[in-house]
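User: I'm new to this one and would like a walk through it. Start anywhere you like.

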Amino acid sequence: MNPNPSASVDPRDKPEDDGAVRGRHTQDAATNLLTVRGRIAAAEKAARRPAGSVQLVAVSKTFEADAIRPVLQAGQRVFGENRVQEAQGKWPALRQEFPDLELHLIGPLQSNKAKEAVALFDVIETVDREKIAAELAKEAAKQGRQIRFYVQVNIGQEPQKAGIDPREAATFAARCRDVHGLAIEGLMCIPPADENPGPHFALLAKIAAEAGLEKLSMGMSGDYETAIAFGATSVRVGSAIFGHR
């Protein structure tokens with residue numbers, strides 16, 4: 001019998017300590033950020049668009065503050081979150097460290113969370129119905145906050161997805177501005193996962209032009225270069241930077 005069982009254990013089989021894992025993920029995220037920025041710049045050039053014309057929204061949903069901080073330290077300042085409650089748990093402290101950051105809500109919003117959303121986010125990209133427009137307008141006025149808004153368009157008319165019907169989007173955006181006084185600056189969409197995103201991005205750009213809106217939030221980790229070719233002014237990239245949870 002081996003009196004020292006640990007001596008026969010291959011060190012490669014030992015579990016990594018938490019610090020080593022965190023360090024590797026930190027390095028990966030910072031490296032991935034540089035890669036994504038480079039691909040955005042190349043896509044801008046290929047589309048004959050000005051350098052820096054596309055904003056990167058780093059989607060940090062499901063990742064904790066320790067995973068996000070290295071990306072902030074690498075210079076990224078614009079982030080997207082899906083859920084108000086999750087964002088409340090990490091961003092107030094991060095904002096104290098990095099007061100110039102900009103936080104976007106990119107997930108569906110319930111009207112009973114409008115107060116918290118207005119208090120926390122700088123941009124809300126998911127306005128998609130009259131009730132939420134009215135609640136957001138009321139809360140923004142009450143809190144004295146100058147929030148920017150996007151109308152979310154259900155570009156593929158998928159029943160399981162949030163967003164307004166494409167045929168109603170331009171009229172709805174006008175109502176949000178004229179009736180509710182929201183600062184609507186653009187449109188946002190998520191194309192069907194199993195379809196070519198190009199035609200959907202083209203349709204969103206067409207609707208935005210009809211509505212007199214200049215900003216297009218479209219494109220994620222798998223299709224942001226295509227989105228840039230079709231006029232995206234911001235792309236929402238998560239897994240290509242942070243990896244998969």
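**Notes on the model**

Analyst: Let's start at a helix end: Gly 212 comes right after α8, and its phi is positive, near 70°. Helices (DSSP H or I, at least four residues) and strands (DSSP E, at least two) are numbered from the N terminus.

User: Anything I should know before trusting the numbers?

Analyst: This is a predicted model, so local features need pLDDT of at least 70, side-chain atom pairs count only at pLDDT 80 or more, and totals for chains, interfaces and linings use all residues. Residues are numbered from 1 along each chain as its sequence is written, and side-chain values use heavy atoms, with hydrogens and water left out.

User: OK, back to α8. How many residues does it have, and what does it reach from end to end?

Analyst: Helix α8 covers residues 197-211, which is 15 residues. From first C-alpha to last it reaches 21 Å, close to the 21 Å expected at 1.5 Å a residue. That expected span is 1.5 Å times one less than the number of residues.

User: Which residues of α8 are buried?

Analyst: Pro 197, Gly 198, His 200, Phe 201, Leu 204, Ile 207, Ala 208 and Ala 211. Buried means under 20% relative accessible area, exposed means over 50%, and partly exposed is in between (1.4 Å probe, protein chains only). An α-helix has 3.6 residues a turn, so residues three or four places apart point the same way.

User: What do those buried residues pack against?

Analyst: Two helices, α7 (169-178) and α9 (224-229), are among the partners. So are three strands: β5 (148-153), β6 (183-189) and β7 (215-217).

User: And what goes on at the start of α8?

Analyst: Asn 196 sits there with a side-chain oxygen within 3.0 Å of the backbone nitrogen of Gly 198.

User: Let's zoom out. How many helices and strands does the protein have?

Analyst: Ten helices and eight strands. The protein has 245 residues, and 44% of them are buried. Looking at contacts (heavy atoms within 4.5 Å), those between residues 24 or more positions apart account for 60% of the ones with a separation of 6 or more.

User: Which residues have the most contacts inside the largest nonpolar core?

Analyst: Trp 91, Ile 124, Val 127 and Leu 136, in a core of 65 residues. A nonpolar core here is a set of buried Ala, Val, Leu, Ile, Met, Phe, Trp, Tyr and Cys residues joined through side-chain atoms within 4.5 Å.

User: What is Trp 91 in contact with?

Analyst: Leaving aside neighbours within four places in sequence, Trp 91 has Ser 60, Ile 68, Leu 72, Phe 79, Glu 81, Leu 101, Leu 103 and Leu 120 around it.

User: Change of topic: Gln 152. Buried or exposed?

Analyst: Gln 152, in strand β5, counts as buried because its relative accessible area is 6%. Beyond four places in sequence, its contacts include Glu 125, Val 127, Asp 128, Met 188 and Ile 190.

User: What's in the loop between β5 and α7?

Analyst: Glu 158 is one residue there, and Gln 157 is in that loop too. Glu 158 is buried, with a relative accessible area of 14%, and touches Ile 190, Pro 191 and Pro 192, not counting residues up to four places away. Gln 157 is partly exposed at 46%, and its phi is positive, near 50°. Most residues other than glycine have a negative phi.

User: Where else is there a positive phi outside glycine?

Analyst: At Arg 48, with about 55°. Arg 48 lies in the loop between α1 and β1 (55-59) and is exposed, with a relative accessible area of 80%.

User: What does Asn 32 touch?

Analyst: Ala 240 and Ile 241, again not counting residues up to four places away. The Asn 32 side chain reaches the backbone oxygen of Ile 241 at 3.0 Å. Asn 32 lies in helix α1 (residues 18-46) and counts as partly exposed because its relative accessibility is 25%.

User: Last one: where is Asn 82?

Analyst: In the loop between β2 (78-81) and α3 (84-88). Asn 82 is partly exposed at 22%. Its contacts beyond four places in sequence are Lys 61, Leu 105, Ile 106, Gly 107 and Pro 108. Thr 62 is 20 residues away from Asn 82 in sequence, and their C-alpha atoms are 8.8 Å apart in space.

Conventions
A polar contact is a pair of N or O atoms within 3.5 Å; within protein, one must be able to donate a hydrogen and the other to accept it, and residues adjacent in sequence count only if both atoms are side-chain atoms.
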